[in-house]
Amino acid sequence: MKSPVACRNLTDIRTAVNALDRDLIRLLAKRQKYALAALRFKRNRKDVADPKHRRAMFAQRKAWAESAGLNPLMVRKVTQAIIDESKRLHLAGLRNRRK
């Protein structure tokens, strides 16, 4: 993949962005496997939501975003979407366990 400054046209830019998006999707799939594995350690709905852990996680992501020169609000929104999906998977897993 060409560096941003090495791109000669919009096609080069789009090719690079597509490759990055593909990598992001692969990473999300990998993260989801860990979220599903975490279900082994969650016994009930209370275990699914840990407010202290969430606050620490959001603070850490904000610091990472700032050090990377990213908008922390955008990173918070992306992180929230990921957490929402993990929570959905956990709750569905708990429901299926009771059946």
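Helices are DSSP runs of H or I, at least four residues, numbered from the N terminus. The model shown in these views is predicted.

**View 1. D12 and its partners in helix 1.**
D12 sits in helix 1, which covers residues 10-38. Is D12 buried or exposed? Its relative accessibility is 17%, so D12 counts as buried; the cut-off for buried is under 20%. The side chain of D12 makes a polar contact with the side chain of K2, at 2.9 Å. With neighbours within four places in sequence set aside, D12 is in contact with K2 and C7. K2 thus appears twice in this view: in the polar contact and in the contact list of D12.

**View 2. Helix 1 against helix 4.**
Helix 4 spans residues 72-98. The axes of helix 1 and helix 4 lie 9 Å apart, and the angle between the helices is about 40°. The two helices are therefore oblique to each other. Oblique covers angles outside the roughly parallel range (under 35 degrees), the roughly perpendicular range (65 to 115) and the roughly antiparallel range (over 145). The crossing of helix 1 with helix 4 is right-handed. Helix 1 contributes L28, R31, Q32, A35, L36 and A38 to the contact. From helix 4 come I82, E85, S86, L89 and H90. By class, the residues of this contact are six nonpolar, three polar and two charged.

**View 3. D47 in helix 2.**
Helix 2 runs over residues 45-48 and holds D47. How does D47 count at 23% relative accessibility, as buried, partly exposed or exposed? D47 counts as partly exposed because its relative accessibility is 23%, and partly exposed lies between the limits of 20% and 50%. The side chain of D47 reaches the backbone nitrogen of R43 at 2.8 Å. Not counting residues up to four places away in sequence, D47 touches F41 and K42. R61 gives a distance marker: D47 and R61 are 14 residues apart in sequence. Their C-alpha atoms are 22 Å apart in space.

**View 4. Helix 3 against helix 4.**
Helix 3 covers residues 51-68. The axes of helix 3 and helix 4 come within 9 Å. They cross at roughly 140°. Helix 3 and helix 4 are therefore oblique to each other. The handedness of this crossing is right-handed. On the helix 3 side, the meeting residues are R54, M57, F58, R61, K62, A65 and E66. On the helix 4 side, they are P72, V75, R76, T79, Q80, I83 and K87. The class count for this contact is six nonpolar, two polar and six charged residues.

**View 5. T79 in helix 4.**
T79 belongs to helix 4. Why does T79 count as buried? T79 counts as buried because its relative accessibility is 10%. A polar atom of the T79 side chain lies 2.8 Å from the backbone oxygen of V75. Beyond residues up to four places away in sequence, T79 touches F58 and R61. F58 and R61 are among the helix 3 residues that meet helix 4. K62 is also among them. T79 and K62 are 17 residues apart along the chain, with their C-alpha atoms separated by 9.9 Å.

Technical notes:
Residues are numbered from 1 along each chain as its sequence is written. This is a predicted model: local features need pLDDT of at least 70, side-chain atom pairs count only at pLDDT 80 or more; totals for chains, interfaces and linings use all residues. Side-chain values use heavy atoms; hydrogens and water are left out. Buried means under 20% relative accessible area, exposed over 50%, partly exposed in between (1.4 Å probe, protein chains only). A polar contact is a pair of N or O atoms within 3.5 Å; within protein, one must be able to donate a hydrogen and the other to accept it, and residues adjacent in sequence count only if both atoms are side-chain atoms. Contact means heavy atoms within 4.5 Å. Axes are lines fitted to C-alpha atoms, for helices over the stretch in contact, and angles run from 0 to 180 degrees between N-to-C directions. A crossing is left-handed if the near helix is turned anticlockwise from the far one by less than a right angle, and right-handed if clockwise. Ala, Val, Leu, Ile, Met, Phe, Trp, Tyr, Cys and Pro count as nonpolar, Asp, Glu, Lys and Arg as charged, and the others, Gly among them, as polar.
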